[in-house]
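Subject: The structure I promised you

Hi,

Here is the structure we talked about, for you to open alongside this message. Below it I have written up what I found, one topic at a time.

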Amino acid sequence: MASPVSAALQFLRDRLPGRVITPDADTSAPASASAADFTTLTNQPWSSTCWQAPAAYILPESSSEVATALSILKQSGIKFVVRSTGHNPNPGFSSIGDEGVVIDLAKLQRREIVEVNEVTAAESGIGCGNGKIARVGAGNRWGVVYDWLEKQGLSAIGGRDPGVGMGLLVGGGLGAVPNLHGVPSNGLRGVEIVLSDGRIVNANADENADLYRALKGGGSNFGIITRFDLATHPLIPLQYSITLYSPSDYTNINRATVQLQEDMESEPRIGTFTNFNSAFVAVGFITAGDSASSSQVESEGGSGTVTEAFKPFESLDSKMMDACPTTNGTLGSLAKVMAHAAGDEKKKYVRTLTTTPSADLYNDAYNAWRAALDTIPKDAVLHYTIQPVGSTCVREAEKAGGNILGLKAVAQCWWVFTIEWPRESTPEDDAAARNAVTCLVEKVRNAAKSRDHLLPYLCATFASSDQGVLSSYGAQNIEIMKAVSRKYDPDGVFQSQQYGGFLLRDLE
Ligand SMILES: Cc1cc2nc3c(=O)[nH]c(=O)nc-3n(C[C@H](O)[C@H](O)[C@H](O)COP(=O)(O)OP(=O)(O)OC[C@H]3O[C@@H](n4cnc5c(N)ncnc54)[C@H](O)[C@@H]3O)c2cc1C
């Protein structure tokens with residue numbers, strides 16, 4: 001008798017010919033699915049800890065094909081995961097072993113601009129009001145979306161790496177200039193989503209508004225999003241540079257970072273990051289220009305507050321070099337500068353934490369990191385990034401109809417701690433690598449707590465699977481998400497059959 005998985009695969013092949021790719025090369029498929037495709041898809045995730053071979057990949061080419069796949073999987077009861085581009089490093093989120101299948105949305109590549117009533121756009125408070133919405137299929141990557149929009153004189157708020165996909169929006173996300181228009185998911189004007197009963201519905205401020213709100217950070221708990229409707233803005237010009245400093249100057253670098261964060265509170269056009277590596281500290285200086293006139297930053301003339309804000313760094317004599325000289329560009333060109341190298345086979349593990357800014361805390365973190373470096377396996381690289389987010393980011397989100405993240409409107413830092421180590425590692429090395437980050441984050445967390453700088457929020461896009469991301473949104477938001485899940489997924493398909501993710505089922 002055929003196993004439930006192979007029976008479901010046969011059913012999927014019959015209903016979706018050419019869309020199912022299995023390890024043994026599905027020769028019945030007219031679209032030449034091959035073993036090579038299978039291996040490419042398996043080795044696609046950013047972290048090789050997620051290079052798991054599933055029973056099959058399903059690559060639907062339309063929302064109705066997503067609905068067909070989902071209804072077959074629901075009937076068969078087999079496990080599945082949804083993949084956008086597989087940049088999430090948690091195994092089991094957008095990867096799965098041979099007990100289940102990956103629904104890979106890569107073929108949902110549609111992109112179109114739709115005009116909406118300008119009054120409605122302005123009233124919705126999204127902050128665009130230019131009446132143009134970018135409808136992008138769930139298989140798009142940010143680099144493609146930026147290039148496409150910029151050719152039309154438009155920008156949308158997304159991630160900082162061109163290869164990352166729309167999955168970023170599912171977890172709230174963080175953009176290059178967070179205080180300008182809020183977190184990326186707040187730029188969502190709506191979505192098209194496939195529900196577990198096979199319906200394809202819109203969720204936006206007017207239709208299924210409760211679902212729309214929960215989707216702004218609530219993850220993959222409610223359905224499979226097939227189209228993201230993004231608010232657009234007249235092209236946002238950026239000026240940016242990345243400078244490397246010597247890590248030995250960490251106290252001054254940390255002090256300058258905190259000063260810059262203070263200035264960000266009154267100047268929402270600034271974005272920055274401070275990334276600590278063994279050999280250098282990379283600091284990003286990003287300024288958004290006047291979107292309405294598309295004028296470059298330097299031609300604004302104004303009060304000069306932006307350049308003033310970067311002054312604390314200019315006086316540091318630990319500068320090593322400019323990794324990226326001052327450049328006039330766009331979100332798209334900055335993303336290209338920040339792109340991660342392709343073809344990297346390393347294993348990766350990330351953890352996050354949110355605190356308010358404090359130079360003393362940042363120094364504690366540096367010292368904890370130096371100590372952690374002694375515990376990492378051979379050839380591993382452990383680095384961390386201070387990612388400043390201002391109170392304006394949170395207020396922008398509120399203006400745009402709120403979200404489910406439970407953020408406090410204060411200046412804060414979304415930390416990300418990352419370890420990368422060779423793929424050919426022993427289980428002991430794997431454990432040591434993860435343990436180094438876990439202990440480091442715990443030390444920083446304890447320091448933040450004792451200094452009264454700890455905030456509850458944990459950003460899903462930088463979190464490890466065991467971090468209580470949904471709990472960090474607060475009791476009220478959890479209740480909202482649970483109610484939305486009961487209403488739109490009454491059979492609990494996304495809780496019981498979805499293999500991994502930040503899921504409501506994991507809440508106590
Ligand atoms: C090099 C690099 C740069 C990054 N830069 C940023 C950044 O600037 N800002 C930031 O916030 N994050 C950033 N991230 C983190 C990244 O946003 C997260 O890892 C995100 O989860 C990956 O998005 P993805 O599109 O690859 O999604 P995937 O890894 O494919 O999926 C992530 C999760 O979302 C779910 N999901 C994906 N698409 C859908 C959908 N359409 N419907 C329902 N569920 C879905 C998946 O099931 C999975 O649980 C970066 C990561 C890397 C590796």
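To start with something you can look up yourself: in which sense do β6 and β10 pair, and over how many bridges? The two strands pair in the antiparallel sense, and five bridges join them. To find a spot where they meet, look for Ile133, which stands opposite Ala231 in β10. Strand β6 (residues 132-137) also pairs with strand β5 (residues 111-115), again in the antiparallel sense and over five bridges. There, Glu115 has Lys132 in β6 as its bridge partner.

Before going further, please keep in mind that this is a predicted model.

**The chain as a whole**

The protein chain has 16 helices and 20 strands. Its radius of gyration is 22 Å, close to the 23 Å that the globule rule gives for 508 residues, so the chain is as compact as a globular protein of that length. If you turn the C-alpha trace along its principal axes, it spans about 75 × 60 × 40 Å. Of the 508 residues in the chain, 60% are buried.

**The ligand**

Next, have a look at the ligand. There are 31 residues around the ligand, and those that come nearest are Val82, Ser84, Thr85, Arg160 and Leu174. Several backbone atoms are worth picking out here. A polar backbone atom of Val82 is 2.7 Å from an oxygen atom of the ligand, and a polar backbone atom of Gly167 is 2.9 Å from an oxygen atom of the ligand. With Leu174, a backbone N or O atom lies 2.8 Å from a nitrogen atom of the ligand.

How much of the ligand's accessible area does the protein cover? On its own the ligand has 950 Å² of accessible area, and the protein covers 93% of it. The elements giving two or more residues to the shell around the ligand are β3 (79-83), α6 (167-170) and β10 (224-231), so you will meet β10 again here, as the strand that pairs with β6. Sorted by class, the shell holds 14 nonpolar, 14 polar and three charged residues.

**Strand β19**

My next stop was strand β19 (residues 412-421). Ten of its ten residues are buried, so the strand is largely enclosed by the rest of the structure. Both of its faces are covered. On one side, Gln412, Trp414, Val416, Thr418 and Glu420 are buried; on the other, so are Cys413, Trp415, Phe417, Ile419 and Trp421.

Which strands pair with β19? Here are the partners I would look at:

- Strand β16 (residues 347-355) pairs with β19 in the antiparallel sense over nine bridges, and Thr355 has Cys413 as its bridge partner in β19.
- Strand β17 (residues 381-386) runs antiparallel to β19 and is joined to it by five bridges; Leu382 stands opposite Ile419 there.
- Strand β18 (residues 388-389) pairs with β19 in the antiparallel sense over two bridges, with Val389 opposite Gln412.

**Two residues with positive phi**

A little background helps here: most residues other than glycine have a negative phi. Asn208 has a positive value, with phi near 50 degrees, and is not a glycine. You will find Asn208 in the loop between β9 (200-204) and α8 (209-215). Its relative accessibility is 27%, so Asn208 counts as partly exposed.

Asp379 is not a glycine either, and its phi is positive at about 65 degrees. This residue sits in the loop between α12 (359-373) and β17, and β17 is one of the strands joined to β19. Is Asp379 buried or exposed? Asp379 is exposed, with a relative accessible area of 52%; the cut-off for exposed is over 50%.

**A charged residue in a helix**

Last, please look at Glu396 in helix α13 (residues 391-399). Glu396 has a relative accessible area of 14%, so it is buried, since buried means under 20%. Its side chain and that of Lys399 are joined by a polar contact of 2.9 Å.

Happy exploring, and do write back with any questions.

Best wishes

Definitions and conventions:
Residues numbered from 1 in each chain as written. Predicted model: local features only at pLDDT ≥ 70, side-chain atom pairs only at ≥ 80, totals over all residues. Heavy atoms only, no water. Near = heavy atom within 4 Å. Polar contact = N/O pair within 3.5 Å; in protein donor to acceptor, adjacent residues only side chain to side chain. Areas by Shrake-Rupley, 256 points an atom, 1.4 Å probe, with all protein chains shown as cover. Helix = DSSP H or I, 4+ residues; strand = E, 2+ residues; numbered from the N terminus. Nonpolar A, V, L, I, M, F, W, Y, C, P; charged D, E, K, R; others polar. Buried < 20%, exposed > 50% of the residue type's maximum accessible area, 1.4 Å probe, protein only. Pairing = 2+ DSSP bridges. Rg over C-alpha atoms; globule rule 2.2 N^0.38 Å.
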